[in-house]
Amino acid sequence: MYKFGFIGAGNMGGALARAVAKKSDSVIVCDRSADKAAALANEIGAKAGNIKEVATQSEYIFLAVKPQMLADMFAEIKDDLKARGDRFIFVSMCAGTSIAKITELAEIEAPVIRIMPNVACAVGAGMTLCARNSKVTDDEYNVFASAMSESGKLDMIEEEKIDNYSIVTGCGPAYTYVMIEALADGQVAIGVPRDKAYLYAAQMVEGAAKLMLESGRIPADLKDSVCSPGGTTIEGVKALEKGSVRADIIDAVNASYKRTLELGKK
């Protein structure tokens with residue numbers, strides 16, 4: 001038996017498996033690509049298995065598959081799950097998929113922890129939102145939280161809030177990479193080498209976020225502290241405002257949220 005099993009060894013599943021493996025030596029992973037699962041298992045010191053092994057031999061079963069693949073996945077393993085005589089917990093990271101939908105597809109009233117992680121979990125700086133049904137005990141959640149501690153921060157919220165609360169944490173990294181790329185392009189345009197432009201932009205974003213988190217100051221206050229009267233920064237901020245950057249970012253968040261709701265209806 002394994003403490004933690006992962007169905008799916010892609011970007012997100014792989015990132016969380018790497019984090020969990022730092023806290024536990026009882027991990028099994030599988031993927032549609034056996035080579036991908038084997039490579040991940042070899043990297044983190046885990047066992048590479050198949051989907052039935054993960055489903056029948058794991059206490060915590062991480063569902064790291066796309067929402068549209070869930071029905072086929074459960075069709076393959078639900079009889080094996082029903083035949084288990086021991087307790088197990090689903091950990092679902094499927095966007096737009098409720099806990100009720102997981103138990104409906106599994107045809108089992110099992111304990112379920114629903115999570116929405118982000119890509120920064122891969123470097124231990126993630127922000128994962130969590131919800132759970134009443135069947136998950138405090139001790140079971142604490143074991144899960146301890147195993148996930150190497151992935152970054154966790155925040156337990158009510159499930160009905162998870163879709164809208166997780167839009168920026170889940171999708172926001174992509175928006176940030178677009179911004180970093182644009183900042184780097186701007187630097188290249190004024191003569192900064194590409195490699196240094198990426199370094200400067202990425203480190204600036206990390207530092208700005210850390211300053212906000214550790215100081216407790218709001219963004220507007222920090223922005224004003226950088227904008228000297230008649231200085232260079234306020235001219236850049238003026239250009240951003242002229243380009244409606246705030247409205248564009250708000251529209252991006254709303255578009256991602258709308259798509260999450262669409263996925264939840266499938």
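## Two residues with positive phi

At 39% relative accessibility, Ser244 counts as partly exposed, and this residue sits in the loop that runs between helix 10 (232-242) and helix 11. In this predicted model, the phi angle of Ser244 is near 60°, which is a positive value in a residue other than glycine.

Glu107 also has a positive phi, of about 60°, although it is not a glycine. The place of Glu107 is the loop between helix 5 (99-106) and strand 6, and with a relative accessible area of 43% this residue is partly exposed.

## The chain as a whole

The secondary structure of the protein chain comes to 11 helices and eight strands, and the C-alpha trace spans about 70 × 35 × 30 Å along its principal axes. Of the 266 residues in the protein chain, 38% are buried. Among the contacts in the protein chain with a separation of 6 or more, 60% are made by residues that are 24 or more positions apart.

## The sheet and its pairings

Eight strands form an open sheet in the order 3-2-1-4-5-6-7-8, and the pairing within this sheet is mixed. Strand 3 (47-48) and strand 8 (152-156) stand at the edges with a single partner strand each, so one side of each of them is left without a neighbour in the sheet.

Strand 1 pairs with strand 2 in the parallel sense over four bridges, and in this pairing Ile7 has Cys30 of strand 2 as its bridge partner. Strand 1 also runs parallel to strand 4, to which five bridges join it, and here Phe6 stands opposite Phe62 in strand 4. An antiparallel pairing is found between strand 6 (residues 112-116) and strand 7 (residues 126-132), which are joined by four bridges; within strand 7, Leu129 is the bridge partner of Met116.

## Helices packed on the sheet

Helix 1 packs on the sheet, where it touches strand 1 (2-7), strand 2 (27-30), strand 4 (58-63) and strand 6. The direction of helix 1 makes about 165° with that of strand 1.

Helix 6 (residues 138-148) packs on the sheet as well, and the strands that it touches are strand 1, strand 4, strand 5 (89-92), strand 6, strand 7 and strand 8. In this case the angle is given against strand 8, with whose direction that of helix 6 makes about 155°.

## The second largest pocket

The second largest pocket has a volume of about 1200 Å³, and its lining is made up of 43 residues, of which Met12, Ala64, Val65, Lys66 and Pro67 lie nearest its centre. The elements that give two or more residues to this lining are helix 1 (11-21), helix 4 (70-83), helix 7 (162-189) and helix 11 (245-264). Helix 7 gives the most to the lining, with seven residues.

Sorted by class, the residues that line the second largest pocket are 23 nonpolar, 13 polar and seven charged. Helix 1 thus appears in two parts of this report, since this helix packs on the sheet and is also one of the elements that give two or more residues to the lining of the second largest pocket.

How values were computed:
Residues are numbered from 1 along each chain as its sequence is written. This is a predicted model: local features need pLDDT of at least 70, side-chain atom pairs count only at pLDDT 80 or more; totals for chains, interfaces and linings use all residues. Side-chain values use heavy atoms; hydrogens and water are left out. On a 1 Å grid over the protein atoms alone, a cavity is a set of points where a 1.4 Å probe fits but cannot get out, and a pocket is an open set with protein on both sides within 12 Å along at least five of seven lines; lining residues have an atom within 4 Å of a point. Grid points are joined across faces, edges and corners, and a volume is the space filled by probe spheres set on the points. Ala, Val, Leu, Ile, Met, Phe, Trp, Tyr, Cys and Pro count as nonpolar, Asp, Glu, Lys and Arg as charged, and the others, Gly among them, as polar. Two strands pair if DSSP finds at least two bridges between them. Contact means heavy atoms within 4.5 Å. Axes are lines fitted to C-alpha atoms, for helices over the stretch in contact, and angles run from 0 to 180 degrees between N-to-C directions. Buried means under 20% relative accessible area, exposed over 50%, partly exposed in between (1.4 Å probe, protein chains only).
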